[in-house]
Amino acid sequence: PGDPDHLPNSFRDYKAQIRRDGDSNPIATVGWGRLETYWDVDVPADGRYLWTAASGDGWDDDGFQSEVAFKVDATPPTSPTLVATPSPGVVDFKVTAADTYSGVHRLEVFVDGMLLTTLNGSSGTARWNLSGVTDGTHTITAVAYDNAGNKSGTGTLNYLVDRSPPT
């Protein structure tokens, strides 16, 4: 019963294709043959694609046909920008990144390599409390992750903490 050789032809044979949404030309087509569980296809670009599968004797017969839409996003978000706004005892860093296809999921902000905070979305403000921070130059970095899991390059800002009195 579960063996493909004992199934009716309309369930044993298939044809499938992948095409970019809005384009009638397929990127890849697999001809009639046995059921498979894995199909490796290189799509040319990020975008929305349609996977169409049919079983039976052809696309227009009485067999089964189904279509599923899926998105491809292999492009990372932009590297975040950081803008510092100092206040007494704290520094606020405005962090912004963009992702053209799936959107920015989160931003991670670091001070000297240690995670300061995680922000949801494409922008936000990270507050750095200067209590206990030594004077000198500190490196503030940020990375962005999009909704597909792609990681951006690193945005960097060097920030000088100098609480010494003027001479």
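These are my notebook entries on a predicted model, from the overall make-up down to two acidic residues.

**Entry 1: overall make-up.** I counted the elements first and found one helix and 11 strands in the protein. Reading from the N terminus, I met the helix and then the strands, in the order α-β-β-β-β-β-β-β-β-β-β-β. I looked up burial for the 167 residues, and 34% of them are buried. The accessible surface comes to about 10200 Å², and carbon and sulfur atoms hold 51% of that area. I then took the contacts with a separation of 6 or more; residues 24 or more positions apart account for 52% of them.

**Entry 2: the open sheet.** I traced an open sheet of four strands, ordered S8-S7-S10-S11, with antiparallel pairing. Strand S8 (114–120) and strand S11 (155–161) stand at the edges with a single partner strand each, so one side of each has no neighbour in the sheet. I noted an average turn of 20 degrees between neighbouring strands of this sheet, direction ignored.

I went through the pairs one at a time. S7 (residues 104–111) pairs with S8 over six antiparallel bridges, and here I found Phe110 opposite Leu115 in S8. S7 and S10 also run antiparallel, joined by seven bridges; Val109 stands opposite Ala142 in S10. Between S10 and S11 I recorded seven bridges, again in the antiparallel sense, with Ile140 opposite Leu157 in S11. I checked the cover on S10 as well: eight of its 11 residues are buried.

**Entry 3: the largest nonpolar core.** This core has 19 residues, and those touching the most other members are Phe93, Val95, Leu107, Val109, Trp128, Ile140 and Tyr159. I listed the elements that give two or more residues to the core: S6, S7, strand S9 (123–129), strand S10 (136–146) and S11. S7 gives the most, with four residues.

I looked at Tyr159 in more detail. Not counting residues up to four places away in sequence, Tyr159 touches Ala84, Pro86, Val91, Phe93, Trp128, Gly136, Thr137, His138 and Ile140. Three of the names in that list, Phe93, Trp128 and Ile140, are also among the core members with the most contacts to other members.

**Entry 4: Glu108.** I found Glu108 in strand S7. Is Glu108 buried or exposed? Its relative accessibility is 15%, and buried means under 20%, so Glu108 counts as buried. Its side chain is joined to that of Arg106 by a polar contact of 3.2 Å. Beyond four places in sequence, Glu108 is in contact with Leu115, Thr117, Thr118, Thr141, Ala142, Val143 and Tyr145. Leu115 is the residue I had recorded opposite Phe110, and Ala142 the one opposite Val109.

**Entry 5: Asp92.** I placed Asp92 in strand S6 (residues 90–96). Asp92 has a relative accessible area of 16% and is therefore buried as well, the cut-off being 20%. Which side chain makes a polar contact with that of Asp92? I found Arg127, at 2.7 Å. With neighbours within four places in sequence left aside, the contacts of Asp92 are Val83, Ala84, Thr85, Thr125, Ala126 and Arg127. Ala84 had already come up in the list for Tyr159.

Technical notes. Residues are numbered from 1 along each chain as its sequence is written. This is a predicted model: local features need pLDDT of at least 70, side-chain atom pairs count only at pLDDT 80 or more; totals for chains, interfaces and linings use all residues. Side-chain values use heavy atoms; hydrogens and water are left out. Buried means under 20% relative accessible area, exposed over 50%, partly exposed in between (1.4 Å probe, protein chains only). A polar contact is a pair of N or O atoms within 3.5 Å; within protein, one must be able to donate a hydrogen and the other to accept it, and residues adjacent in sequence count only if both atoms are side-chain atoms. Contact means heavy atoms within 4.5 Å. Two strands pair if DSSP finds at least two bridges between them. Axes are lines fitted to C-alpha atoms, for helices over the stretch in contact, and angles run from 0 to 180 degrees between N-to-C directions. Accessible areas come from the Shrake-Rupley method with a 1.4 Å probe; for residues, only the protein chains shown count as cover. A nonpolar core is a set of buried Ala, Val, Leu, Ile, Met, Phe, Trp, Tyr and Cys residues joined through side-chain atoms within 4.5 Å.
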